[in-house]
Amino acid sequence: MAESAGAQLRTSYFMNGSTQRYEMNPALSPLRGYIALPVVGDLYASLESNFLRTDNFFYPNGEGNGVVTYMHKSVSAEEFLKKLPDVNHLEIGLNDQIFGMGNYFKGGFWSFGIRLRSENNFDVPKDFFALTKTLSQGTYNISGMGIESTNFIDVSMGYTFPVQDVFTLGFRAKILLGLAHVNATIDQMNVEIGEESYHAEMAGEFSANIAGYDFQAIEGEVTMDSFMSHLTNINNFNPSNIKSVGFAVDAGIEWTFRDEEIRLSAAINDLGFNAWNANNSFCATIDNVNFAFEGYDLATNEIKFESPENIVMTPTPDVSKGNTKLHSSIVVGLEYNFMNDLIGVGALWNSKMYDNRKWNSIGGAVTLRPTNWLTASANYSWVNSLGVFGFAINAHSTFVNFFFGMDYIATKYGTAKGGAIPIPLNQNSVNLSFGLSIPLSPRMF
């Protein structure tokens with residue numbers, strides 16, 4: 001679905017005091033063990049897209065001062081639509097560590113964590129924006145519009161250990177407890193704009209996996225209203241039906257040269273799947289849904305709009321819908337450190353794999369370590385050909401570990417409200433990572 005940067009901040013990768021980079025590569029254990037504070041111990045939130053830029057939707061007013069939206073007559077459809085990709089993706093993500101701890105013990109680093117993870121993806125075809133811009137007569141194909149929401153608890157156990165003083169290996173096993181997964185796709189939607197009416201035909205697929213809800217009682221064709229009534233009836237929820245359990249693994253390696261001046265590392269994360277219990281799953285097709293709008297009748301003060309009385313869904317016994325693969329990711333980093341580790345220069349490649357596309361990022365970073373308790377890093381990355389800046393800072397003393405960072409910092413700004421409010425122009429995504437933990441034992445290897 002959406003092209004996402006993944007679950008952790010890329011800018012943290014070369015910051016050896018942070019606990020955040022350990023989530024990107026289980027071989028990169030932090031300088032000290034930690035106990036993460038509940039909820040705020042490691043919080044990552046993101047809104048990422050390939051189209052949602054201010055300068056894609058707002059333009060200088062060609063008829064005078066100020067700014068207008070893409071709907072204004074001074075902005076041509078060609079000028080607006082050429083900036084948009086054929087499929088516009090948007091993802092809203094949350095990865096929050098409810099509880100986490102890790103510490104060095106008997107020559108290795110052990111960790112345990114519980115995370116709440118949520119990924120909400122939207123696909124919007126370009127023809128949808130063409131329709132909103134032009135509203136001219138003709139037929140518009142809006143097939144491929146979709147929404148997917150995946151929500152689950154991630155319970156992990158990790159172990160990191162050295163091999164012959166030059167290699168460090170890390171592994172993390174995860175049990176995934178599914179909470180809710182909803183996927184709706186419009187396989188066919190044609191909108192016809194005529195002289196006297198607007199008409200739309202729609203068909204698609206719908207699936208839902210809700211922990212604790214028994215959908216086996218729903219048989220045969222069902223209306224959307226009756227499905228929602230079943231879902232909102234708390235009597236249909238039974239805690240004993242929460243049986244959706246999946247599995248995943250992370251694996252990483254770090255290879256050091258010349259007394260750790262050069263560090264080469266790589267990892268693969270989220271290799272696994274969520275498994276949804278059949279009783280908690282509902283899959284159906286939606287066919288021949290028609291809408292028509294004929295305008296407003298001044299004589300009767302009525303809006304002439306025709307829609308089906310009920311949207312009918314036909315259940316499909318598709319067993320494959322019970323398992324949903326995680327969006328696994330690969331990361332590779334190379335860093336050179338000099339002046340006794342005061343400065344590090346690194347390169348990072350990150351790729352996340354989806355069913356029908358990949359998200360890619362490659363960039364360079366400069367990391368400063370002015371003291372043994374403070375680290376700052378800045379990077380410049382090309383995210384699917386768009387250049388972005390990132391910055392992070394980490395205070396990792398013996399009594400507190402505090403982290404804050406962003407991967408997307410705009411380089412071009414406009415203003416609103418007479419110059420009082422800066423508006424980023426060349427930025428289509430934003431993310432934020434915050435961490436607060438209590439340090440434990442120092443690193444043993």
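Which residue lies over the face of Tyr 22? Arg 172 does, at 4.9 Å from the ring centre. Keep in mind throughout these views that the model is predicted.

**View 1. Arg 172 lies over the ring of Tyr 22.** This close-up shows the face of Tyr 22 covered by Arg 172, with 4.9 Å to the ring centre. Arg 172 will turn up again in View 5, where it belongs to a salt-bridge network.

**View 2. Phe 128 and Phe 129 make an edge-to-face pair.** A pair of aromatic rings is described by the distance of the centres and the angle of the planes. For Phe 128 and Phe 129 the centres are 5.5 Å apart and the planes meet at 80°, so the pair counts as edge-to-face. How do the two residues differ in exposure, buried or partly exposed? Phe 128 is partly exposed, with a relative accessible area of 31%, whereas Phe 129 is buried, at 9%. Both residues belong to a cluster linked by ring pairs, together with Phe 51, Phe 57, Tyr 70 and Phe 80. The count for aromatic pairs comes to 29.

**View 3. Phe 402 and Phe 434 bring two strands into an aromatic pair.** Here the rings are 5.4 Å apart, centre to centre, with 75° between the planes, and the pair is edge-to-face. The contact links distant parts of the chain: Phe 402 sits in strand β23 (residues 401–409) and Phe 434 in strand β26 (residues 430–442), 32 residues apart. Phe 402 is partly exposed, with a relative accessible area of 31%. Phe 434 also counts as partly exposed, at 24% relative accessibility.

**View 4. Lys 126 and Asp 86 form a salt bridge.** The closest N and O atoms of this pair are 3.9 Å apart. Where along the chain do the partners lie? Lys 126 is in helix α4 (residues 126–134), and Asp 86 is in the loop between α3 (77–81) and β5 (87–105), 40 residues apart. Lys 126 counts as partly exposed at 22% relative accessibility, while Asp 86 is exposed at 60%. The whole structure holds 18 salt bridges.

**View 5. Salt bridges between buried partners feed a shared network.** Arg 117 and Asp 154 form a salt bridge, with their closest N and O atoms 3.0 Å apart. Arg 117 belongs to strand β6 (residues 108–125) and Asp 154 to strand β8 (residues 146–163), 37 residues apart. Both Arg 117 and Asp 154 are buried. In a further salt bridge, Lys 174 meets Asp 270 with the closest N and O atoms 2.7 Å apart. This pair links strand β9 (residues 167–193), home of Lys 174, to strand β13 (residues 262–275), home of Asp 270, across 96 residues. Lys 174 is buried at 8% relative accessibility, and Asp 270 is buried at 8%. Through shared partners, salt bridges join these four residues with Arg 172 and Asp 250 into one network.

**View 6. A nonpolar patch on the surface.** Val 166, Trp 255, Phe 257, Leu 264, Val 332, Leu 334, Trp 349, Ile 362 and Trp 382 form this patch, with about 760 Å² of accessible area together. Which elements give two or more residues to the patch? They are β12 (245–257) and β18 (329–338). One of the patch residues, Ile 362, is found in strand β20 (residues 358–371).

Terms used: Residues numbered from 1 in each chain as written. Predicted model: local features only at pLDDT ≥ 70, side-chain atom pairs only at ≥ 80, totals over all residues. Heavy atoms only, no water. Patch = residues over 30% accessible without salt bridge, like charges linked within 9 Å, V, L, I, M, F, W, Y side chains within 5 Å. Areas by Shrake-Rupley, 256 points an atom, 1.4 Å probe, with all protein chains shown as cover. Salt bridge = Lys/Arg side-chain N within 4 Å of Asp/Glu carboxyl O. Helix = DSSP H or I, 4+ residues; strand = E, 2+ residues; numbered from the N terminus. Phe/Tyr/Trp six-rings, centres within 6.5 Å; stacked < 30°, edge-to-face > 60°. Buried < 20%, exposed > 50% of the residue type's maximum accessible area, 1.4 Å probe, protein only. Lys NZ or Arg CZ within 6 Å of the ring centre and 35° of its normal.
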